[in-house]
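Here's a quick tour of one helix and a few backbone oddities. Have the model open alongside as you read.

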Amino acid sequence: MATVLLIDDEARVGAALRFALSPHGIDVVQETSAAAGVARARESAPDCILLDVDLGGDDGLDACRALKADAQTAHIPVVMLTGMVDAASTARGFEAGADDYVPKPFTPRELHARIAAHLRRAGAA
Amino acid sequence: MTPLTTPVGEADTLLHLVPPVVSPHDDLRALVRCIASDPVARCAFVAGDGGALLGVVPVDEIDRDLLMLLAPGLGSELVTPRQAARLAHGLDETAQRLMRSAASVRLGDTLAVAVQRMSEHHQESAAVLDDSGALLGYLALFELLADAVVTPRPAELREARRP
């Protein structure tokens with residue numbers, strides 16, 4: 001079973017991801033701070049990381065840079081979660097090393113399609 | 001095309017997850033930011049602890065003239081005493097004071113039920129609640145109707161009008 005690590009301070013985002021991905025056999029684990037998320041990524045090497053740009057105090061972009069600068073986690077695809085009309089955040093996410101982004105809100109099919117594509121490329125699906 | 005007989009939980013291209021949400025005590029500025037973050041929803045859902053749905057603030061509930069006055073550089077030099085009183089009142093507005101009862105459906109309801117609830121509430125979005133009653137997502141009226149509405153041809157209309 002593939003595992004997605006969600007780094008987001010809102011529990012409701014975790015519930016949405018589980019609703020969309022669990023039926024496809026993708027396990028979702030969640031950390032609510034950038035530091036805890038980066039630590040968990042180093043420990044457990046998830047197949048994909050979904051990272052909120054706006055981490056309520058913690059900077060999601062710094063977390064992205066940290067993940068991409070670490071040899072243990074640099075290979076893990078990082079998908080940024082951004083606001084639908086937040087083009088500036090999207091651009092900053094890519095500049096920080098993100099591999100893709102998903103605008104909120106998202107539909108279950110769109111989210112699964114994007115995550116499945118990254119898992120295929122990473123050889124986890 | 002997704003038939004309106006489809007359960008909400010299976011409408012995987014129409015159900016928007018992670019809807020725009022504010023807390024009951026959020027002010028007008030937070031409401032405007034929230035609504036701007038998702039132009040499709042045309043509202044901000046109001047949720048309490050644990051994600052329980054409390055209500056909704058549709059865009060129609062926002063006083064746009066007041067917003068113009070609140071925006072720096074947009075007419076603030078034209079503020080009359082009456083407008084100043086309105087401004088002061090507007091700054092005190094919270095989501096709780098502006099919200100209305102929200103159209104809502106469960107994952108097992110059909111899209112047709114969602115359309116019916118939106119019609120009853122005169123709203124363009126319906127909140128989708130999960131099995132625990134927490135706000136999971138929303139459906140947008142016009143997206144649901146886009147596939148369902150059939151435009152009759154003029155000849156068909158003429159035929160229908162015949163006594």
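What follows looks at a helix in chain A, then at some unusual backbone spots in both chains.

Keep in mind that this is a predicted model. Let's start with α5(A), which runs over residues 108-121 and so has 14 residues by the DSSP run. From first C-alpha to last, α5(A) reaches 20 Å, close to the 20 Å expected at 1.5 Å a residue.

Which residues of α5(A) are buried? They are Pro108(A), Leu111(A), Ile115(A) and His118(A). These four cover an arc of only 110° around the axis, so they sit on the same side of α5(A). That fits a general rule: an α-helix has 3.6 residues a turn, so residues three or four places apart point the same way. Flip to the face turned away from that buried side and you'll find the exposed residues Ala113(A), Arg120(A) and Arg121(A).

Now for the backbone around the helix. In the loop between β7 (100-104) and α5 of chain A lies Pro105(A), and a cis peptide bond joins Lys104(A) to Pro105(A), with omega about 0°. Just after α5(A), Gly123(A) takes a positive phi of about 75°.

Two residues have a positive phi although they are not glycines, Ala45(A) and His122(B). Here they are side by side:

| Residue | Phi | Loop | Other C-beta atoms within 10 Å |
|---|---|---|---|
| Ala45(A) | about 45° | between α2 (34-44) and β3 (48-52) of chain A | 13 C-beta atoms |
| His122(B) | about 55° | between α5 (111-121) and β6 (125-129) of chain B | 10 C-beta atoms |

Ala45(A) counts as partly exposed, while His122(B) is exposed.

Terms used:
Residues numbered from 1 in each chain as written. Chains lettered and ligands numbered in written order. Predicted model: local features only at pLDDT ≥ 70, side-chain atom pairs only at ≥ 80, totals over all residues. Helix = DSSP H or I, 4+ residues; strand = E, 2+ residues; numbered from the N terminus. Expected span 1.5 Å × (residues − 1). Buried ≥ 20, exposed ≤ 12 C-beta atoms within 10 Å, placed from the backbone. Arc of directions from axis to C-beta.
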